[in-house]
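Hi everyone, and thanks for making time for this. I'd like to walk you through a structure that may be new to you, taking a few helices and loops in turn.

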Amino acid sequence: MTDNTPVSADALSNGKAPTAPTEVTQEYDLLPKLIPHLDRHLIFPLLEFLSGQEGEEGSEITKTKYELLKHTNMTDYVASLWQELNDSVEVPEEFVKKREEVLQQLELFRSETAKIDELLSDDSVISNLRSDKVANLKFLETNHDVSIENIDMLYDYGRFQYSCGSYANAAHLLDQFRILSTDNDKVTAATWGKLTCDILTTQWEVVMEEVNKVKESIDTKLFNNPLAQLQHRTWLIHWTLFPFFNYEPARDTITELFFSPAFINTVQTNCPWILRYLAAAVITNRSRTRNTGQYQKQLKDLVRVVRQEGHEYHDPVTDFVKALYIDFDFEAAQSTLFSADEVLRSDFFLSAAAESFVEAARHLISESYCKIHQRIDIGDLSRRLGLEAEEGEKWIVNLIRDTRMDGKLDYQEGTVLMNHPANSVYQQVIERTKGSFFRTSVLSAAVAK
């Protein structure tokens, strides 16, 4: 147990190697903003990712790792960090002593929880448990001499295993504790602990189940404490970044969660830098989602929030959204796209999504450009997309085919002729009055009641 090592960066970032830091990536580094909202065990993979970047001071990162983990029970790993920092082969006595204490405490916990662990593995006992926790406690106390102290021991043992870096065992113990305990505060803490363990063991399906449990707990148990809700939602937003870009089925679910009123308000109030991840998710969703209406709504909401929060936070990713959809500046959109690519490749959570982001961003630039121009020079559009003329020509042909735009390619002139049929004035009036008619109907129905 004492020789456990923290989870590596590769395990939680799709194994993408970080790029060397540049002025742009250093200017927009979000690590100092993310760390205060993460558990120390979740911070370690981010430091590991940082240590893989060329040009980073290895000794400084090692020192940070040591300060981060020295209060945990991963004594062997902490001792190895101390040896590295002090260039020593000797292990100080304090680490040897702490190692023995940890092993003794583990053995004590095992003996104290052996009985209840055996009971919870017995099908005959499990079949007698009900949804009523009070009745379950009474049953266990009457028939098996199990006290509340025995159940609380599961919580303490789970926390101890977590501190040792044994995340799978900790998740199991905390889950058992939640089944039986009536202590709401400890159950909430155990749920957060279980979520962390599942993230660190990359059990992404289980992680999403735990995210829902934590969200429900925040909505119901903290409804009369808005400040606590704000803080807990801020934590949850940061912790869900791990499955956000590592588990494909979670992408749409978490995007919808972030756009929900309570969570988008939390982002705008407490952590506007999350807009980088939300923008990356929405833009890369372009090639993933089949629901065009939903995507357009998300894009519209993103543009609105980026416009509102521009004075609070911006980076090349949000600047790209601003340039393309607020300023309609194609030159600026193209220039920020190069910077956005650098920033994404140096971001722990987004490094694996950098290529798909650039690909989707080029499609969005092309679509917007084609919608407002009737005659398009292929060379000019290729330059705006950062492509060679021949590559740009293939790109435009594929774009017209995939989006089913009405366009004709003129190879001799090197241009694309776009056909934008104008709506008749009657159709425009109909479209404009649709919303008014619906709102009038709703008002009439309300007055009638």
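What follows is a short tour, moving from one pair of helices and their loop to a few other spots along the chain. Please keep in mind that this is a predicted model.

Let's begin with H6 and H7. Two packed helices are described by the angle between their axes and the distance between the axes. For H6 and H7, the angle is about 170 degrees and the axes lie 10 Å apart. An angle over 145 degrees counts as roughly antiparallel, so H6 is roughly antiparallel to H7. Sorted by class, the residues where H6 contacts H7 are five nonpolar, one polar and three charged.

Which residues of H6 meet H7? On the H6 side they are Thr75, Asp76, Val78, Ala79 and Trp82. Their partners in H7 are Phe95, Lys98, Arg99 and Val102.

While we are on H6, have a look at Glu84, which is found in this helix. Is Glu84 buried or exposed? With a relative accessibility of 53%, Glu84 counts as exposed, because the exposed class is anything over 50%. Glu84 also has a partner to note from elsewhere in the sequence: Thr62 is 22 residues away along the chain, and the two C-alpha atoms are 7.9 Å apart in space.

Now step into the loop. Helix H6 covers 75-86 and helix H7 covers 93-119, and Ser88 lies in the loop between them. Ser88 is partly exposed, at 22% relative accessible area; that is because buried would require a value under 20%. What does Ser88 touch, if we set aside residues up to four places away in sequence? The answer is Trp82 and Gln83. You have met Trp82 already, as one of the H6 residues that meet H7. Ser88 has a polar partner as well: a polar atom of its side chain lies 3.1 Å from the backbone nitrogen of Glu90.

Asp87 sits in that loop between H6 and H7 too. Asp87 is not a glycine, and yet its phi is positive, about 50 degrees. At 73% relative accessibility, Asp87 counts as exposed.

There is another aspartate to put beside it. Asp145 is found in the loop between helix H9 (133-144) and helix H10 (148-163). Asp145 has a positive phi of about 55 degrees, again without being a glycine. Asp145 is exposed, and its relative accessible area is 59%.

Back to H7 for a moment, where Thr113 has its place. Thr113 counts as buried, at 3% relative accessibility. Leaving out neighbours within four places in sequence, Thr113 is in contact with Met153, Leu154 and Tyr157.

Next comes H12. This helix has 17 residues, and from first C-alpha to last it reaches 24 Å, close to the 24 Å expected at 1.5 Å a residue. How many of the residues of H12 are buried? It is 13 of the 17, which leaves H12 mostly covered.

The two ends of H12 each have a detail to look at. At the start, a side-chain oxygen of Asp183 comes within 3.2 Å of the backbone nitrogen of Asp185. After the helix comes Thr202, with a positive phi near 55 degrees.

Inside H12, let me pick out a pair of residues. Thr196 lies in this helix, residues 184-200, and counts as buried at 2% relative accessibility. Not counting neighbours within four places, Thr196 is in contact with Asp39, Leu42, Tyr162 and Trp239. Val187 is in H12 as well, and at 10% relative accessibility Val187 counts as buried. With residues up to four places away set aside, Val187 touches Lys133, Phe177, Arg178 and Ser181. Val187 and Ser217 are 30 residues apart in sequence, with 9.9 Å between their C-alpha atoms.

Ser217 takes us to our last stop, helix H13, where Ser217 is one of the buried residues. The others buried in H13 are Trp204, Val207, Met208, Glu210, Val211, Val214 and Ile218. Does the length of H13 come out as expected, or not as expected? The 18 residues of H13, residues 204-221, should span 26 Å at 1.5 Å a residue, and the end C-alpha atoms are 25 Å apart, which agrees.

That's the tour, and I'm happy to go back to any stop.

Note on methods: Residues numbered from 1 in each chain as written. Predicted model: local features only at pLDDT ≥ 70, side-chain atom pairs only at ≥ 80, totals over all residues. Heavy atoms only, no water. Helix = DSSP H or I, 4+ residues; strand = E, 2+ residues; numbered from the N terminus. Buried < 20%, exposed > 50% of the residue type's maximum accessible area, 1.4 Å probe, protein only. Contact = heavy atoms within 4.5 Å. Polar contact = N/O pair within 3.5 Å; in protein donor to acceptor, adjacent residues only side chain to side chain. Expected span 1.5 Å × (residues − 1). Axes fitted to C-alpha atoms, helices over the stretch in contact; angles between N-to-C directions. Parallel < 35°, antiparallel > 145°, perpendicular 65-115°, else oblique. Nonpolar A, V, L, I, M, F, W, Y, C, P; charged D, E, K, R; others polar.
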